[in-house]
Amino acid sequence: MLMPITLTFAAATTLLNLWLSFRVGRLRVSHGVAHGDGGEVMLLRRMRSQSNYIEYTPFALILCGLVEMAFGSA
């Protein structure tokens, strides 16, 4: 069973996660922090943003997939 809407959302959420990861990584390099937040408030905020995104995105994708399976993609 192909689910084009859910697959499209999954691809979009993956790109957004990569963007969030890039922002965290870039700030880590600029502040020289390898582990944790190093006491940097902005780094902590970006890390939490990415963590919250990673925690809640699977629920949205699963719900989207269930709705698509129930009603179809038409």
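Is Gly36 buried, partly exposed or exposed, and what is its relative accessible area? Gly36 is partly exposed, with a relative accessible area of 38%. The model is predicted, and its secondary structure comes to two helices and zero strands. Gly36 itself sits in the loop between those helices, H1 and H2.

**Overall form**

- The radius of gyration of the protein is 16 Å, whereas a compact globule of 74 residues would have one near 11 Å.
- Measured out along the principal axes, the C-alpha trace spans about 50 × 15 × 15 Å.
- Of the 74 residues, 20% are buried.
- The accessible surface amounts to about 5,500 Å², and carbon and sulfur atoms account for 70% of that area.
- Taking contacts between residues at least 6 apart in sequence, 56% join residues at least 24 apart.

**Helix H1**

- Helix H1 covers residues 4-31.
- The end C-alpha atoms of H1 are 41 Å apart, which agrees with the 40 Å that its 28 residues should span at 1.5 Å a residue.
- Buried positions in H1 are Thr6, Thr13, Leu20, Val24, Leu27 and Arg28.
- These buried residues of H1 pack against H2.
- After H1 comes Gly32, which has a positive phi, near 70 degrees.

**Helix H2**

- Helix H2 takes in residues 41-71, 31 residues in total.
- From its first C-alpha to its last, H2 reaches 45 Å, close to the 45 Å expected at 1.5 Å a residue.
- H2 bends by about 30 degrees at Tyr56, and a proline, Pro58, follows within four residues.
- Leu43, Arg46, Gln50, Tyr53, Thr57, Cys64, Gly65 and Glu68 are the buried residues of H2.
- Helix H1 is included in what covers them.
- An α-helix has 3.6 residues a turn, so residues three or four places apart point the same way.
- After H2 comes Gly72, with a positive phi near 85 degrees.

**Leu44 and the loop glycine**

- Leu44 belongs to helix H2.
- Leu44 has 39% relative accessibility and therefore counts as partly exposed, a class that lies between the 20% limit for buried and the 50% limit for exposed.
- Between the C-alpha atoms of Leu44 and Val24 the separation is 9.0 Å, with the two residues 20 apart along the chain.
- Val24 is one of the buried residues of H1.
- Leaving aside residues up to four places away in sequence, Gly36 touches Arg28, Leu43 and Met47.
- Of these partners, Arg28 is among the buried residues of H1, and Leu43 is among the buried residues of H2.
- Gly36 and Leu2 lie 34 residues apart along the chain, and their C-alpha atoms are separated by 40 Å.

**Salt bridge**

- One salt bridge is found in a search of the whole structure.
- The side chains of Glu55 and Arg48 meet in a salt bridge, at 3.9 Å from N to O.
- Glu55 counts as partly exposed because its relative accessibility is 40%, between the limits of 20% and 50%.
- Arg48 is likewise partly exposed, with a relative accessible area of 38%.

Terms used
Residues are numbered from 1 along each chain as its sequence is written. This is a predicted model: local features need pLDDT of at least 70, side-chain atom pairs count only at pLDDT 80 or more; totals for chains, interfaces and linings use all residues. Side-chain values use heavy atoms; hydrogens and water are left out. The expected span of a helix is 1.5 Å times one less than its number of residues. The bend at a residue is the angle between axes fitted to the seven residues ending there and the seven starting there. Buried means under 20% relative accessible area, exposed over 50%, partly exposed in between (1.4 Å probe, protein chains only). Contact means heavy atoms within 4.5 Å. The radius of gyration is taken over C-alpha atoms; the globule rule is 2.2 Å times the number of residues to the power 0.38. Accessible areas come from the Shrake-Rupley method with a 1.4 Å probe; for residues, only the protein chains shown count as cover. A salt bridge is a side-chain nitrogen of Lys or Arg within 4 Å of a carboxyl oxygen of Asp or Glu.
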